[in-house]
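Thanks for making time this morning; I would like to walk through one structure with you, going from the pairing of its strands to a few individual residues. Please have the sequence and the model open side by side while I talk.

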Amino acid sequence: MKIPFIGKSLQNFADDRLQAVARQALRADPMVPDADVFTVESVKGVIQLRGVVHSEAEKRRIETVIANALQTTGLKFERIANELRVVN
C-alpha cells in the first residue's frame with residue numbers, strides 16, 4: 001500500500017546552476033540593457049529576481065527570458081519569484 005506524501009516534496013535543486021543560467025540568459029538578451037543591475041538568486045529551486053525596471057513589459061520580458069533559458073536546459077526549478085519593481 002502506497003502512502004501519499006503530504007506537503008512539499010523533498011526535491012533537490014541545483015541552485016548554483018539555476019542562478020548561473022538565469023544570469024547568463026539576461027546577459028545574452030539584447031533587449032536587457034544592463035543585466036548586472038538585477039539581483040538573481042536561487043534558494044531551494046525558487047529563482048528570486050530583484051531590481052528596478054522601467055515598465056511592466058520589461059519586467060515580464062526578464063522573467064520570460066529566464067524561464068525559457070531554464071526550460072531549454074532542462075533544469076528543474078520550483079518557480080520564479082519576480083520581485084522587480086516598476087518605476088517611471
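Before I come to the hairpin, I should say how strand pairing is decided here: two strands are taken to pair if DSSP finds at least two bridges between them. Please also keep in mind throughout that this is a predicted model.

With that in place, let me start with the overall layout. The protein chain holds 2 helices and 3 strands, and from the N terminus on these elements follow one another in the order α-β-β-α-β. Of its 88 residues, 36% count as buried, and the accessible surface comes to about 6,100 Å², with 53% of that belonging to carbon and sulfur atoms. If we take the contacts between residues at least 6 apart in sequence, 63% of them join residues at least 24 apart.

Now to the strands. Strand β1, which covers residues 39-43, and strand β2, which covers residues 46-53, run antiparallel and are joined by 5 bridges; as one example of the register, Val40 has Leu49 in β2 as its bridge partner. In the hairpin that these two strands form, 2 residues lie between the strands, and Lys44 takes a positive phi near 55°. On to the next pairing: β2 and strand β3, residues 79-86, run parallel and are joined by 8 bridges, and here Arg50 has Glu83 in β3 as its bridge partner. To get from β2 to β3 the chain passes through helix α2, residues 56-73, and this β-α-β crossover is right-handed.

Let me stay with β2 for a moment and look at Gln48, which lies in that strand. Is Gln48 buried or exposed? Its relative accessibility is 19%, and because the cut-off for buried is under 20%, Gln48 counts as buried, although I would ask you to note how the value sits against that cut-off. The side chain of Gln48 makes a polar contact with the side chain of Arg50 at 3.2 Å, and once neighbours within four places in sequence are set aside, Gln48 is in contact with Thr39, Val40, Glu41, Val43 and Ala81.

In β3, the residue I would pick out is Asn82, which is buried with a relative accessible area of 17%. What does the side chain of Asn82 reach? There are two backbone atoms to mention, namely the oxygen of Lys59 at 3.3 Å and the nitrogen of Leu84 at 3.1 Å. Beyond neighbours within four places in sequence, Asn82 is in contact with Leu49, Lys59 and Glu63.

That leaves helix α1. This helix has 14 residues and reaches 20 Å from its first C-alpha to its last, close to the 20 Å expected at 1.5 Å a residue. Its buried residues are Asp15, Leu18, Val21, Ala22, Arg23, Ala25 and Leu26, and in reading that list it helps to recall that an α-helix has 3.6 residues a turn, so residues three or four places apart point the same way. As for their surroundings, the buried residues of α1 pack against β1, β2 and α2.

Finally, Ala14 is found in the segment before α1 and is partly exposed, with a relative accessible area of 38%. The C-alpha atoms of Ala14 and Lys76 are separated by 7.9 Å, while the two residues are 62 residues apart along the chain.

How values were computed. Residues are numbered from 1 along each chain as its sequence is written. This is a predicted model: local features need pLDDT of at least 70, side-chain atom pairs count only at pLDDT 80 or more; totals for chains, interfaces and linings use all residues. Side-chain values use heavy atoms; hydrogens and water are left out. Helices (H or I, at least four residues) and strands (E, at least two) are DSSP runs, numbered from the N terminus. A crossover is right-handed if, with the strands pointing away from the viewer, the path from the first strand over the helix to the second runs clockwise. Buried means under 20% relative accessible area, exposed over 50%, partly exposed in between (1.4 Å probe, protein chains only). A polar contact is a pair of N or O atoms within 3.5 Å; within protein, one must be able to donate a hydrogen and the other to accept it, and residues adjacent in sequence count only if both atoms are side-chain atoms. Contact means heavy atoms within 4.5 Å. The expected span of a helix is 1.5 Å times one less than its number of residues. Accessible areas come from the Shrake-Rupley method with a 1.4 Å probe; for residues, only the protein chains shown count as cover.
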